[in-house]
Amino acid sequence: MSTLSERWRNTSRVFRVLLLLLLSILLLLLCALVFLQFLLPYLRPTPTPAPTPTPATPPSVTVDFGSATYTVDEDVSTGTATITVTLSAASEQTVTVEYDASDGTATPDEDYVAISGTLTFAPGDTSQTFTVAIVDDDLEEGIDETVVLTLSNADNATIGLGEATLAIRDDDCSPVTVGFRTSEYEVDEGAGTATIAVDLDDVSICTVTVDYATSDDTATADEDYTAASGSLTFSEGVTSQNFIVLITNDDLVEGDEMVTLTLSNAGKATIGRGEAALIIHDDEPTGTVTITPPPITPTVTPTGTITPVVFTITNVLRNGNFEEGFQPNELGNYWNSFDNGRAHFSFHIDDWPLVVVEGENTQLIEIAEATEPDRYLGIYQTANVIPGQVYTFSMRGLIRTNTGDVQQTSYGYRLQVGFDLNGGQDWKTVEDWVELPWDEQLRIQDSFRFDVYTTTLTATGDELTVFIRAWKKWADAGEGDYDVDDIRLVGPAPVTPPAPGIPVTGEGAAAIWDNIRVWATILLLLLLLGGAIWRFGWKRA
């Protein structure tokens, strides 16, 4: 009997071990079911039903003048003004529209030749032109004379912009001379910029233009200064214009250096003083000098410890050269945007080398198809600054259009710059917008001229906002491409040393760990596992 009883007890212990293993497996299965029940809704995204396709509708076609205003010089070499008429989209049908040129302030046969006719757009065509003959007289009329252009009786299309104006610029101007104001301009190396004045010797009733350029003498471009070239425009009654040369402040003791300035290709004027010199005075002394920084108030912590505030001279704007990436809408990182609607607005990453100032990218701002005049699309950024300190703002870029001619578009595409010295971010509160004298260039060509703008500002608060806006003046279907690059706001940037012993942590912990149901599930699993170990632990019965 004792032998059977001992065997029974041995068999019962094995049975208990097997029962413990079975219960453990069941508990694990139960934990897995609870885990899946509570956590799967958070780990597996809810499928999004596919959108129901909307049947495509054929686009409605609109026929318009390419611009609300056309401009032509009275002595235009071809003797005609070319007027462009466009369709909003290609049509599968033949589209026709009648056109007419009639009196405004201009007189037919004395200032222009009246014309009318019909334009035909074959299927797939989106643009047609007609010409208006211009009469070049010898009268000094002094004002632009206008011709009224109209579209009517469109077939297979509706008329959008059906009236436009052709302005004929008088070429019979009193002779004027354009030239540098002085034969020598001077600037200190540390000034950052040199302003070069160009003057007319008398008032002109015509628009005068002249090209300018810099070239090396004893100074070297990109080492001592930034090469500059462009065109100055003197509107009727204007007798003075300026352009800017950026100066490089290096640490070399090199003495005074010189840049050669030249004028060329004057329109409606003759060139008088067409060459001048820019003298850059070296600011590196040959002896030892002590530099005292401007006074800045330190910060006193609650414990009485003084935390010094230091500064460094740098560009306080982020991603001004657009090499630090772009947002999904192709606006550069760290920049914000604004617009006033009623046009097609877009941003683009422009990596065409011909329009990039430095690096691999530039910011392209595009405005097209304006239904009202004065449409704006802009970018802005707020920087941390030191009150009372002086900052130098500069930017480079260009404006590209289909015509590349401000005369044809009546200066319809311009760039403007504005500032909020208190760090405000509402572009509508900016009072003094500066219109940059940057003229249009053809959208596609073999090379481009990069224009430069620079100015100085004194900060009044601890933040300063820079606004840059593209401006399309007229309500028409034309497109303007505005490339901006190398945007800088150079001056002292405040730097406060971090408190010691406080590590910098990351951000954005996974959202799943913030859910109370997840934590409740984990706690339940731990309690079940602990109870199983305590109740069914490996112990003697």
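**Exercise 1. Confidence of the model**

What is the mean pLDDT of the protein chain, and what percentage of its residues reach 70 or more?

*Solution.* The structure is a predicted model, and the mean pLDDT of its protein chain is 81, with 76% of the residues reaching 70 or more. The next step is to look at stretches of low confidence: over residues 286–293 the pLDDT is below 50, and beyond near neighbours in sequence this stretch has two contacts in the model. Residues 499–514 also have a pLDDT below 50, and for this stretch the model shows six contacts beyond near neighbours in sequence.

**Exercise 2. Positive phi values**

Determine where Asn 156 and Lys 268 lie, and describe their phi angles and their accessibility.

*Solution.* Begin with the backbone: most residues other than glycine have a negative phi. Asn 156, although not a glycine, has a positive phi of about 65 degrees, and Asn 156 is found in the loop between β7 (145–155) and β8 (158–159). With a relative accessible area of 35%, Asn 156 is partly exposed, because this value falls between the 20% limit for buried and the 50% limit for exposed.

Then turn to Lys 268, whose phi is likewise positive, near 65 degrees, in a residue other than glycine. Lys 268 sits in the loop between β16 (257–267) and β17 (270–271), and its relative accessible area of 27% makes Lys 268 partly exposed.

**Exercise 3. The surroundings of Val 208**

Is Val 208 buried or exposed, and which residues is it in contact with once neighbours within four places in sequence are left aside?

*Solution.* Val 208 belongs to strand β13 (residues 208–216) and counts as buried, because its relative accessibility is 0%. Leaving aside neighbours within four places in sequence, the contacts of Val 208 include Val 176, Leu 200, Leu 232, Thr 233 and Phe 234, and also Gly 267, Lys 268 and Ala 269. For one of these partners a distance can be added: Val 208 and Phe 234 are 26 residues apart in sequence, whereas their C-alpha atoms are 5.0 Å apart in space.

The strand pairing completes the picture, since β13 and β14 run antiparallel and are joined by six bridges, with Ser 229 of β14 as the bridge partner of Ala 213. Five of the six residues of β14 (residues 229–234) are buried, so this strand is largely enclosed by the rest of the structure.

**Exercise 4. A buried arginine**

With which side chains does the side chain of Arg 414 make polar contacts?

*Solution.* First locate the residue: Arg 414 is in strand β27 (residues 413–420) and is buried, with a relative accessible area of 6%. Its side chain makes a polar contact with the side chain of Glu 435 at 2.9 Å, and another with the side chain of Asp 439 at 3.3 Å. Not counting residues up to four places away in sequence, Arg 414 also touches other residues, among them Leu 436, Pro 437, Trp 438, Arg 469, Trp 471 and Tyr 482.

**Exercise 5. An open sheet**

In what order do the four strands of the open sheet that contains β1 and β8 stand, and which are the edge strands?

*Solution.* The order is β6-β3-β1-β8, and the pairing is mixed. The edge strands, each of which pairs on one side only, are β6 (127–133) and β8. As a closing step, examine one pair: β1 (residues 62–65) and β8 run parallel and are joined by two bridges, and Val 63 stands opposite Ile 159 in β8.

Note on methods
Residues are numbered from 1 along each chain as its sequence is written. This is a predicted model: local features need pLDDT of at least 70, side-chain atom pairs count only at pLDDT 80 or more; totals for chains, interfaces and linings use all residues. Side-chain values use heavy atoms; hydrogens and water are left out. Buried means under 20% relative accessible area, exposed over 50%, partly exposed in between (1.4 Å probe, protein chains only). pLDDT is the predictor's confidence in each residue, from 0 to 100. Contact means heavy atoms within 4.5 Å. A polar contact is a pair of N or O atoms within 3.5 Å; within protein, one must be able to donate a hydrogen and the other to accept it, and residues adjacent in sequence count only if both atoms are side-chain atoms. Two strands pair if DSSP finds at least two bridges between them.
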